[in-house]
Amino acid sequence: MAKTDRKKTDGIKQNDMLDDRALQAFFDAARDDTITPSDALMTAILDDAAAEQPQPAMSAVAPPPDLALATARDLRRARGVWADLKAMIGGWPALAGMATATLAGVWIGFSAPIQLEQWSGGLILSGDYTTTEATFALEDMAPSYLGTGLLMEDEG
Amino acid sequence: MALDAYSDASDDALLVLYGNGDPMAAELLTRRLAPRVLGFAARLLGGDRAEAEDVTQEAMLRLWKIAPDWRSGEAKVTTWLFRVVTNLCTDRLRKRRTVDIDLIDDPADQAPGAVETLIQADRAAALQAALMGLPDRQRIAVTLRHIEGETNPDIAQIMQISVEAVESLTARGKKALAAALAGKREELGYGED
């Protein structure tokens with residue numbers, strides 16, 4: 001149609017084409033003429049998204065079996081070195097036993113050289129203190145911190 | 001509420017979140033992008049809604065697949081998507097090479113009154129018919145520039161051509177549209193002022 005008009009005369013050439021303003025109105029109308037995706041399309045897209053989505057490292061959803069080991073490893077790492085050590089030893093009861101044994105060791109270390117000498121028949125230790133005592137009072141069995149045991153001996 | 005917290009995030013950021021396994025990101029991206037992709041596909045395909053929906057689902061599926069490898073900041077998500085849609089639509093148009101414009105609704109037939117909304121719809125339909133008369137590349141360039149509002153550099157990326165080629169295509173396309181739509185000015189509410 002436009003070509004035919006143009007052939008007739010150049011005088012009406014401006015009527016053969018829309019100006020920019022008029023053409024812009026068509027573009028504006030097209031821009032406003034939006035299409036809303038159907039619910040079925042939105043659901044299909046979201047289903048695809050769920051199927052394709054990489055699994056997060058710490059998922060709220062139960063991981064598949066092959067991921068279970070990795071997740072457990074991650075959890076152990078997050079729990080910390082001390083917790084791992086405690087678990088390796090056997091928990092709080094085992095730690096309590098170890099603490100008791102440690103304190104007993106300290107007590108024996110402070111209080112029992114003479115006793116030890118007596119039990120060993122004088123083979124392990126030697127020196128003056130091995131001959132000063134042949135019998136033991138009750139305080140000899142208690143820890144002799146800061147030499148209180150010796151002070152008591154002197155006074156007695 | 002969680003979606004509100006993401007509403008200010010860029011498409012780029014949301015795609016990275018999706019790639020990191022965030023379950024909310026996909027929903028927000030779909031709400032944002034699917035209508036635009038569908039509209040663009042429908043325009044390129046001459047208003048065929050069913051085919052445009054197929055293209056939209058396929059384009060979004062490709063987006064989900066590329067998400068783990070997406071390099072943030074390198075390209076706009078919409079630019080990437082429009083390029084995918086352009087390629088998908090071009091393939092489909094090639095297969096149905098001959099487009100029968102008579103099959104597109106004639107705006108004059110569906111305008112019983114001078115109601116403004118109907119006129120607007122008629123203008124959109126007339127433009128769509130005229131767009132379908134353009135060569136594919138002109139139609140893509142004009143649609144991206146004047147309806148989708150993309151910039152010439154972005155269109156150059158989408159169509160994988162130079163900015164100068166984009167300018168040339170849009171100029172020729174607009175000229176052809178102006179000529180094709182000139183005869184519609186009376187029935188679509190334009191005087192010959």
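The buried residues of α8(B) are B:Asn152, B:Asp154, B:Ile155, B:Ala156, B:Ile158 and B:Met159, as seen in what is a predicted model. Because six of the eight residues of α8(B) are buried, this helix is largely enclosed by the rest of the structure. The cover over those buried residues includes α5, α7 and α9 of chain B, and just after α8(B) the backbone at B:Gln160 takes a positive phi of about 55°.

The chain to which this helix belongs has nine helices and zero strands, so that, taken from the N terminus on, its elements run α-α-α-α-α-α-α-α-α. Of the 193 residues of chain B, 50% count as buried. Among the contacts in chain B with a separation of 6 or more, 62% are accounted for by residues 24 or more positions apart.

One of the buried residues of α8(B), B:Met159, also has a prominent place in the largest nonpolar core, where B:Leu63, B:Trp64, B:Leu81, B:Val85, B:Leu144 and B:Met159 touch the most other members out of 47 residues. The elements that give two or more residues to this core come from both chains, and they are set out below.

| Chain | Elements giving two or more residues to the largest nonpolar core |
|---|---|
| A | α3 (39–52) |
| B | α2 (11–19), α3 (23–44), α4 (49–66), α5 (77–95), α7 (136–147), α8 (152–159), α9 (163–181) |

Of these elements, α3(B) gives the most to the core, with twelve residues. The core also draws at least three residues from each of domain 1 (1–97) and domain 2 (103–188) of chain B. Apart from this core there is a second, separate one of 16 residues, which includes A:Leu18, A:Ala22, B:Val142 and B:Ile147.

Which residues does B:Leu81 contact, leaving aside its neighbours within four places in sequence? With those neighbours set aside, B:Leu81 is in contact with B:Leu33, B:Val37, B:Ala59, B:Met60 and B:Leu63.

Between the chains, α3(A) and α3(B) pack at an angle of about 130°, with their axes 10 Å apart, and because of that angle α3(A) is oblique to α3(B). The crossing in which α3(A) passes α3(B) is right-handed. On the side of α3(A) the contact is made by A:Leu41, A:Met42, A:Ile45, A:Leu46 and A:Ala49, whereas α3(B) contributes B:Ala26, B:Glu27, B:Thr30, B:Arg31, B:Ala34 and B:Leu38.

Note on methods: Residues numbered from 1 in each chain as written. Chains lettered and ligands numbered in written order. Predicted model: local features only at pLDDT ≥ 70, side-chain atom pairs only at ≥ 80, totals over all residues. Heavy atoms only, no water. Core = buried A, V, L, I, M, F, W, Y, C linked by side-chain atoms within 4.5 Å. Buried < 20%, exposed > 50% of the residue type's maximum accessible area, 1.4 Å probe, protein only. Helix = DSSP H or I, 4+ residues; strand = E, 2+ residues; numbered from the N terminus. Domains from an automatic or database assignment. Contact = heavy atoms within 4.5 Å. Axes fitted to C-alpha atoms, helices over the stretch in contact; angles between N-to-C directions. Parallel < 35°, antiparallel > 145°, perpendicular 65-115°, else oblique. Left-handed = near helix turned anticlockwise from the far one by under 90°.
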